[in-house]
Amino acid sequence: MILIFYVTAVVREENRSVASRFISKDVLDITAEDLKSFDAMVGGAGSLYVNKERISAVQK
């Protein structure tokens, strides 16, 4: 059996990766509607930089 997987990248600005499939949106603004056509999602978002204003806006 051969399995084929398609990977979709999430990019904040223009796509500078080699990904041909991508969602151009801040990862913190992704909604269920954005993901409804996918079977699975694997999160790998992280940063050493913490935007305190963004965190407080998301927590409200």
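## Starting at Glu 13

Glu 13 is exposed, with a relative accessible area of 53%. Exposed here takes a value over 50%, so Glu 13 makes the cut with its 53%. Keep in mind that you're looking at a predicted model.

What does Glu 13 pair up with? Glu 13 forms a salt bridge with Arg 16, and the closest N and O atoms of the two are 3.6 Å apart. Arg 16 counts as exposed too, because its relative accessibility of 67% is over the 50% mark.

## The overall layout

Let's step back to the whole chain. The protein chain has 2 helices and 2 strands. Start at the N terminus and you'll meet them in the order β-β-α-α.

How much of the chain is buried? Just 7% of its 60 residues count as buried. The protein chain exposes about 5900 Å², and 55% of that comes from carbon and sulfur atoms. As for contacts between residues with a separation of 6 or more, 15% of them link residues that sit 24 or more positions apart.

## The other salt bridges

How many salt bridges turn up in the whole structure? A search finds 3. The one between Arg 16 and Glu 13 has already come up, so to speak of the others, here are Asp 34 and Lys 36 with their partners.

Asp 34 forms a salt bridge with Lys 25, and here the closest N and O atoms are 2.8 Å apart. Are these two residues buried, exposed or partly exposed? Asp 34 has a relative accessibility of 23%, so it's partly exposed. Lys 25 is partly exposed as well, with a relative accessible area of 27%. Both values fall between the 20% cut-off for buried and the 50% cut-off for exposed, which is why neither label fits.

Then there's the pair made by Lys 36 and Glu 33, whose side chains meet in a salt bridge at 2.9 Å, N to O. Lys 36 is exposed, and Glu 33 is exposed too.

## A nonpolar patch

Not everything worth a look here is charged. Which residues make the nonpolar surface patch of about 490 Å²? Met 1, Leu 3 and Phe 5 do.

Met 1 belongs to the segment before β1, the strand that covers residues 9-11. With a relative accessible area of 94%, Met 1 is exposed, because that value is over 50%.

Notes: Residues are numbered from 1 along each chain as its sequence is written. This is a predicted model: local features need pLDDT of at least 70, side-chain atom pairs count only at pLDDT 80 or more; totals for chains, interfaces and linings use all residues. Side-chain values use heavy atoms; hydrogens and water are left out. Helices (H or I, at least four residues) and strands (E, at least two) are DSSP runs, numbered from the N terminus. Buried means under 20% relative accessible area, exposed over 50%, partly exposed in between (1.4 Å probe, protein chains only). Contact means heavy atoms within 4.5 Å. Accessible areas come from the Shrake-Rupley method with a 1.4 Å probe; for residues, only the protein chains shown count as cover. A salt bridge is a side-chain nitrogen of Lys or Arg within 4 Å of a carboxyl oxygen of Asp or Glu. Patches are made of residues with over 30% relative accessible area and no salt bridge: like charges are joined within 9 Å, nonpolar side chains (Val, Leu, Ile, Met, Phe, Trp, Tyr) within 5 Å.
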